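User: I've got a chain here and a few terms I'd like unpacked. Could you walk me through them?

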Amino acid sequence: MRRLATLAALTVVLLCASACTSDKGKNTNADAAPDDSTCNELLGDAGLKWLKEHTGDKARLKVEHDLKTARSAFHQQIENYYRKAKKQGPKDPLAHMFQKAYVCTSKTDFTKRGTELEIQYGPAATAFDHDLSHPSRGGFKLVETPVNSDVKLVHMTDPGGTISYILHVKCKISGTPAEQANEIPLEGMMIDTLTDETSSRIHYTHLLHSAKVVADTFGCENKPVVPAEPPASVK
């Protein structure tokens with residue numbers, strides 16, 4: 001099983017996300033038949049058609065963590081954080097280090113290293129109201145685009161030119177403080193080195209579709225409004 005990306009702060013989140021793109025062929029089982037059920041749900045008909053067209057119908061799908069597993073991990077990590085944050089005495093320095101679930105991966109050949117499309121979900125390491133836009137931070141270019149009061153997009157380009165399409169969704173879960181949805185939002189991430197797609201708008205359209213599915217499945221009590229498309233400013 002591939003490792004989960006460990007998150008401590010935004011820079012670590014983004015650096016780790018980028019690093020994941022260079023660590024391909026992470027202990028995949030060449031004999032296992034890929035499970036595509038969660039991918040089908042997350043991408044939907046339009047996403048599956050897009051993937052088919054941009055890979056010459058060679059894309060194969062695999063799920064490492066299904067939505068039930070991802071939901072459980074999301075809830076547990078947030079609940080654990082607030083238990084540790086409220087604890088008397090010295091605070092745990094690792095309390096805000098979160099992990100993402102790899103909910104969908106697509107490759108043309110899972111037995112070999114190579115390009116892939118990957119979708120991950122988990123708790124964000126930065127608050128929703130924290131402005132992430134930065135022209136250059138350690139060679140990483142970050143551009144934030146507000147969508148509505150529940151959703152924002154973050155476009156990250158690493159020093160090597162690889163793009164991570166990221167979104168944050170306010171998702172309040174049961175048993176946490178009211179401010180949790182802002183303090184620890186849901187984060188989704190798509191990294192695509194598989195297709196030849198250059199449009200951020202198309203990538204975010206498919207990521208937003210997956211975010212709607214995830215938000216509904218994760219049981220966000222605040223019922224976040226996740227649109228079908230990004231703002232017109234996203235090209």
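User: What makes the span of helix 3 (residues 67-85) close to the one expected?

Analyst: First, this is a predicted model, where local features need pLDDT of at least 70, side-chain atom pairs count only at pLDDT 80 or more, and totals for chains, interfaces and linings use all residues. Residues are numbered from 1 along each chain as its sequence is written, and side-chain values use heavy atoms, with hydrogens and water left out. Now, helices are DSSP runs of H or I, at least four residues, and strands are runs of E, at least two, numbered from the N terminus. The expected span is 1.5 Å times one less than the number of residues. Helix 3 has 19 residues and an expected 27 Å, and its first and last C-alpha are 27 Å apart, so the two agree closely.

User: Which residues of helix 3 are called buried?

Analyst: Buried means under 20% relative accessible area, and exposed over 50% (1.4 Å probe, protein chains only). Leu67, Ala70, Phe74, His75, Gln77, Ile78, Tyr81 and Tyr82 are buried, while Lys68 and Arg83 on the other side are exposed.

User: Why say the buried ones line one face of helix 3?

Analyst: Take the directions from the helix axis to the C-beta atoms. For the buried residues of helix 3 they fall within an arc of 160 degrees, so these residues line one face.

User: What makes Phe74 a contact of Leu186?

Analyst: Contact means heavy atoms within 4.5 Å. Leu186 touches Phe74, and its other partners include Tyr121, Leu167 and Val214.

Definitions and conventions: Lists of a residue's contacts leave out its neighbours within four places in sequence.
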